[in-house]
Amino acid sequence: MITLNLRRLAALMVKEAIQIRRDPSTLLIAFVLPVILLFLFGYGVSLDTARTRVGLSIQDDSAAARGLAESYRRSRWFDVARTGSVIGLRQDLVAGRIRAILVIPTDFGRSIAAGAPKPIEIVTDGSNPNTANFVAGYAEGVRAAWAGTPPPPVTLITRFWFNPELRSRFFLVPGSIAIVMSMIGSLLTALVVAREWERGTIEAVFATPISMAEFLISKLAPYFILALVSMTICATLAVTVFGVPFRGSPLALLAVSSAFLAPALGLGLLISAATKNQFVASQVALLSAFLPALLLSGFVFEIASMPKPIQWLTMILPARYFIPCLSTVFLAGDLWAVLLPNILAMLGFGAALFALAFRFTRKRLD
Amino acid sequence: MTAPAAQARSVTKRFARGAAPALDAVSLIVATGQITGLVGPDGAGKTTLIRVLAGLLRPESGEVEALGAAPGVRAEDVGYMPQRFGLYEDLSVLQNLNLYAELRGLPPAEHAATFERLMHFTDLKRFQNRPAGKLSGGMKQKLGLACALVRTPRLLLLDEPSVGVDPVSRRELWSMVGALVGEGIGVLWSTAYLDEAERCASVCLLNEGKVLFSGPPVDLTARVAGRVQRLDDFDGGSRARLSELLARPDITDATIHGRSLILVTARDAPPLDPTSLGAGPRARLSPAAPRFEDGFVDILDRKSSGTSALAATYAEAPRGGGPAIEAKALTKRFGDFTAAEDITLNVAPGEIFGLLGPNGAGKSTTFKMLCGLLTPTSGSGAVAGRGFAEAGPAARARLGYMAQKFSLYGDLSVAQNLAFFAGAYGLVGARARDRSRELVEIFDLHRYLPVNAGTLPLGYKQRLALACAVMHEPPVLFLDEPTSGVDPIIRREFWSHINGLVERGVAVLVTTHFMEEAEYCDRIALVYRARVIATGAPDELRAQAARNTGRTDPTMEDAFVALIEAADRAREATDLAA
Amino acid sequence: MALVSPRAFGRLLAIIVKELRATLRDPRSRITLIVPPILQLFLFGMATTLEVKHFNVGILDNAGGKASTEFVQRLAGSPNVGRIVRLASPAQLRSEIESEGIIAAVVIDPRFDRDVAAGRPASLGVILDGRRSNAAQIVAGYIGVIAGSVGLEARSAPVMMGSVVRNAFNPNLDYVWFTLPSLIMMVGAVSALTVTAQSVARERELGTYEQLLVSPLRTHEILIGKMAPPLIAGLFNGTVYLLVAQIVFGVPFAGSLPLFYLTLVIYLLSLMGVGMLVSTLAATQQQAFLGVFLVTVPSVMLSGYAGPVDNMPPWLQTLSLADPCRHYLVIVDGLFLKAMPWEALWPSVMPLIIIGAVTLSAASWLFRARKE
């Protein structure tokens with residue numbers, strides 16, 4: 001039996017709004033934290049390749065060797081930071097001053113003249129596998145271009161839809177909106193309900209005739225709006241500051257964000273009902289909302305590459321359905337074929353979490 | 001007889017399976033048109049019972065009824081004020097009132113008039129736009145009450161509305177609630193202050209989850225009728241005399257009351273003969289009115305020994321050579337707010353000195369400056385002859401400190417707490433072990449050694465806190481409301497230790513709202529509006545109040561209120577002149 | 001002088017023992033000690049790989065001859081490819097990519113078979129989902145290798161290899177070899193910062209703070225006491241991860257063990273300085289927790305674990321100099337895989353010492369100043 005008295009509901013929401021305005025930690029989580037996260041993902045986690053520092057060891061004095069060395073120096077992928085003997089460069093590699101050693105072997109020029117060119121030796125720093133892979137690929141590319149080697153028999157003509165220049169920022173910045181909204185939806189909601197338990201105000205409110213539904217709705221509506229405001233700020237920054245294209249419609253963004261807030265807010269309510277303590281609530285919210293959204297949602301790491309049990313686990317993470325929606329709305333457009341199933345999944349989880357939260361929060365203290 | 005506003009029949013409540021019951025077959029009737037007192041020390045079960053009546057907790061067994069229905073059903077007619085008042089600190093006074101008016105369904109047309117009436121009633125009109133978090137304790141309490149009254153209830157549940165609040169505010173609150181009773185409201189007022197119980201029409205005395213007594217308070221005091229006597233003009237110090245008298249089997253209870261002693265004789269004991277008391281030729285006995293507390297002690301049927309094993313082995317504190325605590329013109333400002341101004345006082349070795357005053361008057365600022373927690377803006381002070389400005393840690397090594405809130409490490413065991421404080425006060429090796437063993441012996445902590453301090457019974461927490469504070473046998477002790485919320489026997493036991501230490505030259509500085517505690521002081525300073533407005537022995541302050549008001553035999557609380565009112569009048573007079 | 005007197009030693013010992021007991025007996029700090037390290041080991045060790053596996057590829061085969069069939073078979077046989085989706089039309093291609101059913105689609109031109117058979121340069125069109133830019137790039141690489149192998153066999157003359165690649169320190173470029181040492185950096189940061197930041201705030205909240213301040217304990221003694229639990233927790237976590245990395249994940253530890261512990265202690269001290277600053281500023285455990293969150297997330301993200309420091313804009317690179325995690329990541333990766341000698345470690349150790357010294361002095365100054 002759900003009873004709703006609109007006057008009481010309005011009074012509770014006004015109260016919540018005043019508290020939001022006066023509580024610095026709410027504003028911190030809703031506005032400062034999102035901007036910080038956005039900037040971190042926009043600038044700090046660039047997976048796009050910049051110039052990598054390499055060491056060059058030229059053991060041949062031929063024109064060919066000098067020419068190749070020059071090609072490496074001029075390449076936009078490399079910064080030839082050191083030259084010298086392999087032994088000396090090896091120390092630089094250990095110390096992390098360079099990421100790879102490129103060795104042009106002795107008799108390199110003569111071997112080319114003889115029609116049996118000696119291979120270039122590339123020693124990468126395997127302690128960072130990504131960079132190592134990248135250096136090896138591009139170093140060979142530079143050599144091949146220099147040598148004018150005929151193209152391999154089969155070449156790929158690749159086109160990257162939605163993000164032709166492959167800017168990782170175009171993916172990371174919209175994705176970070178999911179992280180931000182997980183924080184606001186789950187962490188903030190968990191905190192504000194737990195705060196009522198901690199400060200004892202819930203006692204006085206529960207002793208009045210309000211219904212459970214009124215109480216829960218009064219907690220949800222303000223933070224729903226707050227999260228959408230924060231989302232709008234993030235989206236605006238994404239487009240204006242980070243230059244992320246926005247090919248979908250604001251309406252679609254609003255729809256997917258609202259759908260995501262259902263499970264996020266539901267989780268927040270559930271956490272606070274179960275913990276009743278701000279400190280524990282924030283820890284639980286961090287472990288159950290923030291970390292999974294960051295690591296297991298497909299945001300940074302591919303879900304398909306994870307072990308099967310973890311893949312199953314990701315099925316119950318609302319963020320995994322939100323991330324593809326965000327990248328689609330930003331980069332591809334309003335593809336409802338993508339958005340609708342995800343929206344339905346999020347709403348489904350939202351309904352389940354609300355049902356649980358409703359069951360667990362009682363108008364009693366025991 | 002009209003139906004009661006609320007009643008509980010044989011209610012039992014446990015918070016964990018197998019745990020001791022928080023309420024054990026408790027029955028209570030809250031009649032309409034009167035104040036029913038729910039009295040008992042902390043942890044007695046008062047809050048649990050009130051929450052059951054408000055419908056916030058479900059009892060395990062027994063029947064509960066509020067306004068003729070199950071608790072929670074008639075919520076719109078029940079006013080409930082929880083212990084921390086249930087106020088939203090970020091909301092202003094008016095916003096809080098408005099919120100509760102809407103929640104309790106007050107028709108919008110009545111809002112303005114009701115708020116006007118309540119703000120007039122609570123004198124909060126001036127502060128209506130101030131956030132609740134920025135109100136003083138007394139004002140919060142009034143606002144909490146106003147929120148509970150916003151739609152005139154038929155049942156009013158007040159959970160310790162007067163805890164931590166000064167006597168002036170307490171009186172105001174009491175008279176406000178008293179006015180409501182005339183309108184036929186049933187009020188349940190829970191309190192740990194026993195003097196409040198005496199003013200209730202009916203009282204339910206709870207202890208450890210059980211009802212010890214139920215009925216009009218006079219019925220309880222009747223238990224000790226004719227057995228309470230007052231001893232005046234005796235020879236020697238009151239503390240030594242008290243300890244001697246308590247050793248007699250025919251005296252079950254004795255307390256210090258200024259320069260007098262209040263004695264309760266054992267049931268069926270022959271009348272006391274003043275000459276047999278060995279209290280000197282001039283000693284005289286006169287009958288005294290029994291207090292609620294005397295009845296409570298009688299019903300508990302335990303007797304505190306009056307002698308202190310702690311004092312017996314305590315290092316004699318040096319008596320000569322100046323005051324133990326000295327403050328010269330101490331002033332503390334926070335920004336442009338003056339919290340304490342020109343405080344000058346001396347506490348001699350072997351003296352108990354009390355700091356009293358309303359909340360926010362500068363009492364705790366003064367206390368904190370004296371024990372080195374705050375640096376004064378100007379002025380100087382010394383503890384045990386060492387100026388705390390120069391020699392911080394050295395001065396701190398000579399003082400013991402016990403805070404009102406239980407401030408030991410709750411997650412550490414008793415033994416670990418003792419070990420930590422021994423080390424923190426620089427006791428090492430065999431000396432640390434011996435001293436800890438000695439304290440365990442004195443305070444009978446053996447069986448609790450491995451128990452977490454946080455789960456100790458209240459009385460043992462009290463003992464452990466004192467044990468840690470006197471670990472290093474300091475010549476100076478700072479006590480911040482040391483016995484608020486404990487039962488009278490535990491309080492007597494505590495003070496018999498303090499009395500014993502004082503006899504050995506220890507100087508004690510104590511802050512308190514408990515008038516019973518104030519009676520133990522040799523001298524009292526009353527702090528009001530950042531200044532000391534009166535200093536003197538309890539009897540002197542009472543006499544001063546008697547002169548001011550013309551009342552005969554005022555209580556300590558009367559004196560407190562009278563002196564503050566006099567200070568207000570004097571200030572208004574100077575304001576007018578200016 | 002003060003440090004050697006037996007009383008001062010007794011005080012110091014008492015507060016260290018008390019802090020350790022308080023941390024171990026408080027259920028909340030027990031949780032912060034145990035749960036995050038285990039969860040991180042589980043999540044990072046298992047789930048976070050930048051490799052791309054089990055991806056689905058669409059094929060729009062307009063050729064259907066020998067070479068194209070062979071290519072598709074090879075593609076299907078690759079361990080990295082999950083499923084091959086046969087596409088009937090460009091429209092289906094579009095919808096499969098859009099709906100993220102496939103990450104890439106290969107369009108095979110009718111001329112493909114003939115070109116390959118004739119030894120002429122042939123080409124395949126590949127359309128990739130740029131929304132997942134990183135994965136798409138890697139997938140393009142995989143497809144390229146498979147396509148190249150088809151052509152090679154069709155061509156008569158073998159092509160000379162132009163470069164030989166050796167991967168020093170991690171011959172097979174095993175991603176876990178990078179993750180696990182970095183995890184020591186992360187777990188250290190998370191646990192040391194949370195435990196330190198809670199310590200003073202907890203004392204304030206429980207009301208024991210004043211009790212501590214009126215005792216003869218000196219400020220430095222209190223702070224040293226508060227540093228014992230995170231230090232021990234950090235060393236414990238470091239040791240566990242050192243063993244787990246070698247025994248469970250087979251990551252070799254090539255460096256010097258004494259240097260590992262020495263640098264770990266220095267790293268923990270610098271973190272504790274930061275944590276102590278947060279702790280003295282926070283009034284409640286809740287604020288301390290939020291403060292730690294605000295510090296930890298940027299620290300870890302700017303450390304170079306999530307993306308190389310070199311790729312960041314210059315202003316952010318400068319900012320990251322104040323991040324202990326950035327310096328320690330170089331140290332721990334270096335020690336684990338490269339057996340970095342002290343001379344190479346020093347440029348990263350020195351900033352840690354500076355950060356620690358500055359933050360610890362600031363914290364103890366604030367601790368004194370905020371007594372009131």
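**View 1. Chain A against chain C.** Here's where two chains of this predicted model come together: 92 residues of chain A are in contact with 91 residues of chain C. The size of an interface is often given as the accessible area lost when the parts come together. For chain A and chain C, that comes to about 7900 Å² buried between them, with 68% of it on carbon and sulfur atoms. On the chain A side, look for Pro153(A), Trp161(A) and Phe279(A), which lose the most area to chain C and together make up 10% of what that side buries.

**View 2. Salt bridges and polar contacts between chain A and chain C.** The pair to zoom in on is Glu302(A) with Arg132(C), whose side chains meet in a salt bridge at 2.7 Å, N to O. Between chain A and chain C the salt bridge count is 4, and there are 23 residue pairs in polar contact, counting pairs with both residues at pLDDT 80 or more. Plenty of elements of chain A chip in: those that each supply at least two residues of the side touching chain C include the helices α2 (24-44), α6 (129-147) and α7 (168-199), plus the strands β4 (120-125) and β5 (154-161). Sorted by class, this side of chain A has 57 nonpolar, 24 polar and 11 charged residues.

**View 3. A strand of chain A paired with a strand of chain C.** Strands of a sheet pair through backbone hydrogen bonds, either parallel or antiparallel. In this close-up, β4(A) and strand β5 (residues 163-168) of chain C run parallel, joined by 6 bridges. To find your place, start at Glu121(A): its bridge partner in β5(C) is Val164(C).

**View 4. The six-stranded sheet in chain B.** Reading across, the 6 strands of this open sheet come in the order β19-β20-β21-β16-β22-β23 (chain B), and the pairing is mixed. The edges are β19 (399-402) and β23 (531-536) of chain B, each of which pairs on one side only. On average, neighbouring strands of the sheet are turned by 15 degrees against each other, direction ignored.

**View 5. One edge of the chain B sheet, and a helix packed on the sheet.** At the β19(B) edge, this strand pairs with strand β20 (residues 476-480) of chain B in the parallel sense, over 4 bridges. A handy landmark is Tyr401(B), which stands opposite Phe478(B) in β20(B). Helix α18 (residues 538-549) of chain B packs on the sheet, where it touches β22 (523-528) and β23 of chain B. The direction of α18 makes about 110 degrees with that of β23(B).

**View 6. Chain B against chain A.** In this view, 24 residues of chain B are in contact with 27 residues of chain A. The area buried between chain B and chain A is about 2500 Å², and carbon and sulfur atoms give 59% of it. Over in chain B, Tyr88(B), Asp90(B) and Leu103(B) lose the most area to chain A, together 27% of what that side buries.

**View 7. Salt bridges and polar contacts between chain B and chain A.** Center on Arg7(A) and Glu102(B), which form a salt bridge with their closest N and O atoms 2.7 Å apart. The salt bridge count between chain B and chain A is 2, alongside 7 residue pairs in polar contact, both residues at pLDDT 80 or more. Helix α2 (residues 93-103) of chain B gives the largest share of the side touching chain A, 5 residues. That side of chain B divides into 12 nonpolar, 4 polar and 8 charged residues.

How values were computed. Residues numbered from 1 in each chain as written. Chains lettered and ligands numbered in written order. Predicted model: local features only at pLDDT ≥ 70, side-chain atom pairs only at ≥ 80, totals over all residues. Heavy atoms only, no water. Contact = heavy atoms within 4.5 Å. Buried area = accessible area lost by both parts, 1.4 Å probe. Polar contact = N/O pair within 3.5 Å; in protein donor to acceptor, adjacent residues only side chain to side chain. Nonpolar A, V, L, I, M, F, W, Y, C, P; charged D, E, K, R; others polar. Pairing = 2+ DSSP bridges. Axes fitted to C-alpha atoms, helices over the stretch in contact; angles between N-to-C directions.
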